[in-house]
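I opened this entry to record what I looked up in the model, going from the whole chain to individual helix contacts.

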Amino acid sequence: MGCWGHKISESDTFADVYEQFFDEYNNGATAEAAAAAVRTQLGDYFVEYDDQYDAHFALALAQWETQSLEPTLLKKVEQFVESGADLKNREDRGADSKTLKSRASAQSSFLKNCSTHAHQRSDEDDRSSTFARKHLSRSRHPMARKYFRLARNTPTASTSIQAQV
């Protein structure tokens, strides 16, 4: 797949995974179900040498934005960044030293953001999609905010019953 910049989100693989996650999520799937669907439908991205880094970064960001970041996924992303594996992959694909330096800085910021903010869930914490959706108004992702607005403006069963009475 193609890369068009040094930022974490500037690749076709990242865009595909991130978009697929929010397509599932915005259609009512829980964050966990959306992640499982992404791993099933785009599974090759997570194992191919060229694509695996961007695929994991995209899924980590999507989960972080929906407050459902899996600790194992965060650990995997940390390993990619700390080992320099993604940078080595970019270098093998022809990235120059300036791009690699910018990419390393972007990775560091990304990892710090995902690690520092308490948007990850512990293995014992079983947050439901209701919790995540309740807090979507604070999400940085425009699709998540769109979903929040749609969910907020969609009548629930109790609202429909009250309207009929």
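**Whole chain.** I began with the spread of contacts along the sequence in this predicted model, and I found that 66% of the contacts in the protein chain with a separation of 6 or more are between residues 24 or more positions apart. I then looked up the secondary structure, which comprises nine helices and zero strands, so that I wrote the order from the N terminus as α-α-α-α-α-α-α-α-α.

**Burial and surface.** What share of the residues of the protein chain count as buried? The value I noted is 42% of the 165 residues. For the surface, I recorded that the protein chain exposes about 9000 Å², and that carbon and sulfur atoms supply 51% of that area.

**Helix 1 and helix 2.** I next turned to the packing of helix 1, residues 12-26, on helix 2, residues 31-41, where I noted an angle of about 135 degrees and axes 8 Å apart. That angle makes helix 1 oblique to helix 2, and I entered the crossing as right-handed. Which residues of the two helices meet? From helix 1 I listed Val17, Gln20, Phe21, Glu24 and Tyr25, and from helix 2 I listed Ala31, Ala34, Ala35, Ala37, Val38 and Gln41. Sorted by class, this contact of helix 1 with helix 2 has eight nonpolar, two polar and one charged residues.

**Helix 3 and helix 5.** I then looked up helix 3, residues 52-65, against helix 5, and found that their axes come within 9 Å and cross at roughly 135 degrees. Helix 3 is therefore oblique to helix 5. On the helix 3 side I wrote down Tyr53, Asp54 and Phe57, which meet Ala85, Asp86, Asn89 and Arg90 in helix 5. By class, I have three nonpolar, one polar and three charged residues for the contact of helix 3 with helix 5.

**Asn89.** My last entry concerns Asn89, which is found in helix 5, residues 85-92. Is Asn89 buried or exposed? I noted a relative accessible area of 0%, and because buried means under 20%, Asn89 is entered as buried. Leaving aside its neighbours within four places in sequence, I found Asn89 in contact with Tyr49, Asp50 and Tyr53. Of these contacts I marked Tyr53, since Tyr53 is also among the helix 3 residues that meet helix 5.

Methods: Residues numbered from 1 in each chain as written. Predicted model: local features only at pLDDT ≥ 70, side-chain atom pairs only at ≥ 80, totals over all residues. Heavy atoms only, no water. Axes fitted to C-alpha atoms, helices over the stretch in contact; angles between N-to-C directions. Helix = DSSP H or I, 4+ residues; strand = E, 2+ residues; numbered from the N terminus. Parallel < 35°, antiparallel > 145°, perpendicular 65-115°, else oblique. Left-handed = near helix turned anticlockwise from the far one by under 90°. Contact = heavy atoms within 4.5 Å. Nonpolar A, V, L, I, M, F, W, Y, C, P; charged D, E, K, R; others polar. Buried < 20%, exposed > 50% of the residue type's maximum accessible area, 1.4 Å probe, protein only. Areas by Shrake-Rupley, 256 points an atom, 1.4 Å probe, with all protein chains shown as cover.
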